[in-house]
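Got your viewer open and a selection box ready? Here is a short walk, one stop at a time.

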Amino acid sequence: CTVCQLIKGTPTTANLLVLHISASFIEVSDKTYGLESGADGYLTEPVQPEELIATVRAFLRLRRTEAALRESEERLRVALEAGKMATWDWDLLRNRVVWSEQLEPMLGLAEGAFAGTYEAFHALVHPQDQQRVAEAVAQAIQHGTAYKLEFRMIHANGQPCWIESRGQVYYDAAARPVRMTSIPQDNMERKAAAAAQEPLTA
């Protein structure tokens, strides 16, 4: 399906929904190839009007769902940036950590610099706080308790960066821990404001 590949491979048309209708290529292998080449749907002639209408309606539902998802993601991005927050998602089975785009700038890291493992995250924690963080994480995983902790991470400039993190552990049907999520928040301004108030209250 060269046309599908061309449409999906061109930035200006990549988001177009493509319905492939064919009277010649009607085998399962043809449909599979068409869908894998970029078609969002594949019908073979003769196509009944009811089937065509239902397919188009399904496409429209998909497009509305995608639009709603994009709007939701944009609202989340704005909220996170306004609150100087990020998201942190750890796949415990594969040891893969995914950070939202806000966290690397929060620590002065270049985009893509984070290696994406728990060990890489732990290495960025201030040495004096590493054991406390590890114990809090282990406690949350073992007992299913809410994770809430304030600790320091090392900014790319070498300075400590205060983070407040709230998280939760998720379990599968066999009660095995499979995922941990967290929302880290930059607490540097709050810490600076508290330090500025200390001479006034002393």
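What pattern does the chain follow, read along the sequence? The pattern is α-β-α-β-α-β-β-α-α-α-β-β-β-α, with 7 helices and 7 strands. Helices (H or I, at least four residues) and strands (E, at least two) are DSSP runs, numbered from the N terminus.

A bit of housekeeping before you click. This is a predicted model, where local features need pLDDT of at least 70, side-chain atom pairs count only at pLDDT 80 or more, and totals for chains, interfaces and linings use all residues. Residues are numbered from 1 along each chain as its sequence is written, and side-chain values use heavy atoms, with hydrogens and water left out.

**Colour by confidence.** pLDDT is the predictor's confidence in each residue, from 0 to 100. The chain averages 84, and 89% of the residues score at least 70. Among the elements, helix α7 (residues 188–201) has the lowest mean pLDDT, 62, while α5 has the highest, 94.

**Select Cys 4.** You'll find Cys 4 in helix α1 (residues 2–9). Its relative accessibility is 4%, so Cys 4 counts as buried; buried means under 20% relative accessible area, exposed over 50%, and partly exposed in between (1.4 Å probe, protein chains only). Leaving aside neighbours within four places in sequence, Cys 4 is in contact (heavy atoms within 4.5 Å) with Val 18, His 20, Ser 37, Gly 38 and Ala 39.

**Jump to Pro 46.** Pro 46 is in the loop between β2 (41–44) and α3 (49–82). Look at the peptide bond from Glu 45 to Pro 46: it is cis, with omega near 0°. Most residues other than glycine have a negative phi, and most peptide bonds are trans.

**Two loop residues with positive phi.** Asn 95, in the loop between β3 and β4 (96–99), has a phi near 55°. Ala 175, in the loop between β6 and β7, has a positive phi of about 65°. Asn 95 is partly exposed at 23% relative accessibility, whereas Ala 175 is exposed at 56%.

**Show the aromatics.** Rings of Phe, Tyr and Trp (its six-membered ring) pair if their centres lie within 6.5 Å; planes under 30 degrees apart count as stacked, over 60 as edge-to-face and the rest as tilted. The structure holds 6 aromatic pairs. In one of them, the rings of Tyr 118 and Phe 121 have centres 5.7 Å apart and planes at 50°, so the pair is tilted. These two residues sit 3 apart in helix α5, about one helical turn. Tyr 118 is buried at 12% relative accessible area, and Phe 121 is buried at 5%. Now add Trp 88, Trp 90 and Phe 151: ring pairs link them with Tyr 118 and Phe 121 into a cluster.

**Finish on α6.** Which residues of α6 are buried? They are Val 133, Val 137, Ala 140 and Ile 141. They cover an arc of only 95° around the axis (taken from the directions from the helix axis to the C-beta atoms), which puts them on the same side of α6. What covers them includes β3 (88–91), α5 (118–124), β5 (147–154), β6 (160–171) and β7 (177–186). Spin the helix around: the face turned away from the buried side carries the exposed residues Gln 131 and Gln 142. Just after α6, Gly 144 takes a positive phi of about 70°.
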